[in-house]
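Here is a short report on a protein model. Look at the rings first, then at the spaces inside.

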Amino acid sequence: PSQEVLTVVQSAGQARKARRMRWGLIPSWARDPAIGNQLINARAETVAEKPAFRVPFRERRCLILTDGFYEWEARGRRKQPWCIRMRDGSPFAFAGLWDRWVDPAGRVVESCTIITTTPNALIRQFHHRMPVILAPADYDTWLDPVMRDPARLLPLLAPYPPEGMVAYPVRPLVNNPANDSPACQASLDDQAELGQAGRG
């Protein structure tokens, strides 16, 4: 949260564009940008109604690109991080909303939020919510700037099929935001094998 993420947006009559946005949605009407720290996620069940999300849901939807995310498993007094990815290793997209906020000095801040839904069987062991992962076949509908019908959009905000995903434990390296490298996604099994090879 508060860091930049890569998004894809589409405006009427224009081609899709990739944009970096601040994670944590700051509504255009906000007086204090700190509200974005509380709006990193939007619940699918209420996204069409909540004041911070209802206009972006109609007019400013986006894809938030990623190749994995993390959940934590409680193990006694500590928490074990797990990396969740597509089974085939391909990148994927969360369903997101975005907005544009202008500070008193005229500086424009574009920010976004990730929509969440009920968990599938894989994620349920870690958390009671999961990010909405859109199927590529639904990208056109989600990004279509003319599409404003909740009856067409809300059904897209469903749990992703668990058979297409995989979860594996990783080192606590990911617990520190200062650590930003591929090592955060390396499985414990792979790291053990690397250590044994190094000693060989």
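How many aromatic pairs does the structure hold? The structure, a predicted model, holds five aromatic pairs.

## Aromatic pairs

A pair of aromatic rings is described by the distance of the centres and the angle of the planes. Take Tyr70 and Trp72 as one case. Their ring centres lie 6.4 Å apart, and their planes meet at 50°. That angle is neither under 30 nor over 60 degrees, so the pair is tilted. Trp72 has 32% relative accessibility, so this residue counts as partly exposed.

Phe92 and Phe94 form another pair. Here the ring centres are 5.8 Å apart. The planes stand at 75°, so Phe92 and Phe94 are edge-to-face. Both Phe92 and Phe94 are buried. Ring pairs also bring in Phe69, giving a cluster of Phe69, Phe92 and Phe94.

## Charges over rings

Which ring does the charged end of Arg19 sit over? It is the ring of Trp98, with the charged end 5.3 Å from the ring centre. A second case involves Arg61 and Trp142. Arg61 lies over the face of Trp142, at 5.5 Å from the ring centre.

## The cavity

The count comes to one cavity of 30 Å³ or more. Its volume is about 50 Å³. Trp98 and Trp142 are both in the lining of this cavity, and so is Arg61. The other lining residues are Gln10, Arg58, Glu59, Arg60, Leu143, Asp144 and Pro145.

Two elements give two or more residues to this lining: helix 1 (54–59) and helix 2 (139–143). By type, the lining of the cavity divides into four nonpolar, one polar and five charged residues.

## The largest pocket

How much space lies in the largest pocket? The figure is about 1300 Å³. The lining of this pocket is made of 35 residues. Nearest the pocket centre lie Pro1, Trp23, Gly68, Phe69 and Tyr70. Phe69 also belongs to the ring cluster with Phe92 and Phe94, and Tyr70 is the partner of Trp72 in the tilted pair.

Several strands give two or more residues to the lining of the largest pocket. They are strand 1 (4–9), strand 2 (17–23), strand 4 (61–66), strand 5 (69–75), strand 8 (108–117) and strand 9 (130–131). Strand 5 gives the most, with four residues. The lining of the largest pocket divides into 18 nonpolar, 11 polar and six charged residues.

Note on methods
Residues are numbered from 1 along each chain as its sequence is written. This is a predicted model: local features need pLDDT of at least 70, side-chain atom pairs count only at pLDDT 80 or more; totals for chains, interfaces and linings use all residues. Side-chain values use heavy atoms; hydrogens and water are left out. On a 1 Å grid over the protein atoms alone, a cavity is a set of points where a 1.4 Å probe fits but cannot get out, and a pocket is an open set with protein on both sides within 12 Å along at least five of seven lines; lining residues have an atom within 4 Å of a point. Grid points are joined across faces, edges and corners, and a volume is the space filled by probe spheres set on the points. Ala, Val, Leu, Ile, Met, Phe, Trp, Tyr, Cys and Pro count as nonpolar, Asp, Glu, Lys and Arg as charged, and the others, Gly among them, as polar. Rings of Phe, Tyr and Trp (its six-membered ring) pair if their centres lie within 6.5 Å; planes under 30 degrees apart count as stacked, over 60 as edge-to-face and the rest as tilted. Buried means under 20% relative accessible area, exposed over 50%, partly exposed in between (1.4 Å probe, protein chains only). A charge sits over a ring if NZ of Lys or CZ of Arg is within 6 Å of the ring centre and within 35 degrees of the ring normal.
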